[in-house]
Amino acid sequence: MARSATTRCEFCGHRYIRPCTAEMQAECGNTKLAIEPQVSIRHHYIPVFYSKRWCDGDGKICEYSRPRDKIYDRRVVPKGTGFQDQLYETKGVPKLIAQRIEDDFMSSVDNHAAEALKLLETDAPKINGDQKHKSAWSLFLLSLLMRTPEDVAALVGIWDDDWERDLPVLREQYEKKKKPGETRSLEEFIAQEDPDVKAKWAMSELPDLIDHQGIGQLLNNMHWFVITTKADVPRLLTSDRPLFVSGKLGAPDCYLTLPIAPDRLFVAVPSQDAEAAFRAQPQQELIEATNVRTAEHAVKYVYGDDNAMLKFVDKYISSARQPSYFENVRKLRKERHASRTADNPKSPTGSL
């Protein structure tokens with residue numbers, strides 16, 4: 001099933017509601033300018049629509065954390081966790097568009113995913129033939145892999161790596177083209193003219209990378225289902241890194257798991273036969289293994305609907321933290337560049 005892309009503006013070709021720059025926005029006939037722009041400072045890398053599914057009767061979830069040596073549990077509203085202020089802010093641009101990644105892109109991703117999740121829970125077989133909802137959910141899964149604070153930092157780090165490698169060539173080009181009387185070095189010129197260039201580059205790349213057609217299509221090609229747990233098995237935990245990907249996407253043995261409620265587990269496998277094999281596992285073992293991974297891979301937080309699993313979380317929290325998606329990309333790019341340029345130091349930098 002072909003994967004549908006996010007909507008492009010028919011006027012300016014931009015992928016979200018608002019265009020990339022203030023100039024494009026002013027010219028775009030599809031833009032509605034507000035007197036005061038929407039500004040969302042609190043950017044959730046764990047969306048509220050997702051984490052609130054662990055709410056108990058008080059409208060709160062149990063947040064487990066171990067900032068130092070001792071494990072802590074506290075009840076928090078979903079809006080009060082899994083966020084970083086101004087995480088997706090585009091620096092150095094007009095206020096009108098500085099928060100557009102959160103307000104336009106991430107918000108849209110999460111809203112459409114919430115609708116897809118309703119279909120997953122009520123009629124999971126149907127979503128396997130529903131292009132709109134399947135694409136919305138695969139986009140959400142990709143966002144979970146790429147929207148973390150570690151990913152944003154790694155994207156900026158990739159720019160730093162490329163800058164450091166290409167600096168001699170860039171400096172030479174700058175010296176040839178700079179205007180008469182210009183005395184600033186390339187570094188001084190950039191620092192004064194566009195000090196936020198790294199952060200702007202990262203934010204310009206992030207939405208397109210999350211909406212990666214090739215990876216999204218691999219997810220769409222998988223067979224999806226939901227396991228509802230029995231009353232006698234442990235409750236499912238979630239965390240600030242809830243999505244588990246086993247192996248390489250597209251490989252015949254790859255599967256994904258994502259807790260979507262204390263009693264429901266989303267699973268993506270290569271085929272219906274793989275679903276039958278997955279369901280044949282004893283639920284007790286499956287849920288326990290899922291909870292172990294969820295806690296082990298957490299960076300800061302594990303979540304539950306109550307604090308009944310405090311000792312369990314204390315044992316496993318952040319004990320096997322995995323590199324984020326872009327941390328892995330950065331490492332692989334470094335290795336690839338070192339190999340490619342062993343005999344050719346001026347080889348151009350590869351793409352993401």
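Start by selecting Ile227 in this predicted model: across from Ile227 you will find Leu265, a residue of strand 9. Show the two strands around this pair next. Strand 5 (223-228) and strand 9 (residues 264-269) run antiparallel to each other, joined over six bridges.

Now widen the selection to the whole sheet. The sheet is open and has four strands in the order 5-9-8-7, paired in the antiparallel sense. Strand 5 and strand 7 (244-246) are its edges, as each of them pairs on one side only. Look along the sheet and you can follow its twist: neighbouring strands are turned by 20 degrees against each other on average, ignoring direction.

Next, add helix 12 (residues 283-297), which packs on this sheet and touches strand 5, strand 7, strand 8 and strand 9. The direction of helix 12 makes about 90 degrees with that of strand 8.

Stay with helix 12 and pick His297. Is His297 buried or exposed? His297 counts as buried because its relative accessibility is 14%, and the cut-off for buried is under 20%. To see what surrounds His297, display Arg241, Phe244, Ala320, Arg321 and Gln322, its contacts once residues up to four places away in sequence are set aside.

For the last stop, go to helix 10 (residues 213-220) and colour its buried residues: Ile215, Gly216, Leu219 and Asn220. Turn the view to look down the axis of helix 10: these residues fall within an arc of 145 degrees, so they line one face of the helix. Then bring back their cover, which includes helix 6 (131-146), strand 8 (255-261), helix 14 (325-340) and strand 5, where the tour passed earlier.

Key
Residues are numbered from 1 along each chain as its sequence is written. This is a predicted model: local features need pLDDT of at least 70, side-chain atom pairs count only at pLDDT 80 or more; totals for chains, interfaces and linings use all residues. Side-chain values use heavy atoms; hydrogens and water are left out. Buried means under 20% relative accessible area, exposed over 50%, partly exposed in between (1.4 Å probe, protein chains only). The arc is that of the directions from the helix axis to the C-beta atoms. Contact means heavy atoms within 4.5 Å. Two strands pair if DSSP finds at least two bridges between them. Axes are lines fitted to C-alpha atoms, for helices over the stretch in contact, and angles run from 0 to 180 degrees between N-to-C directions.
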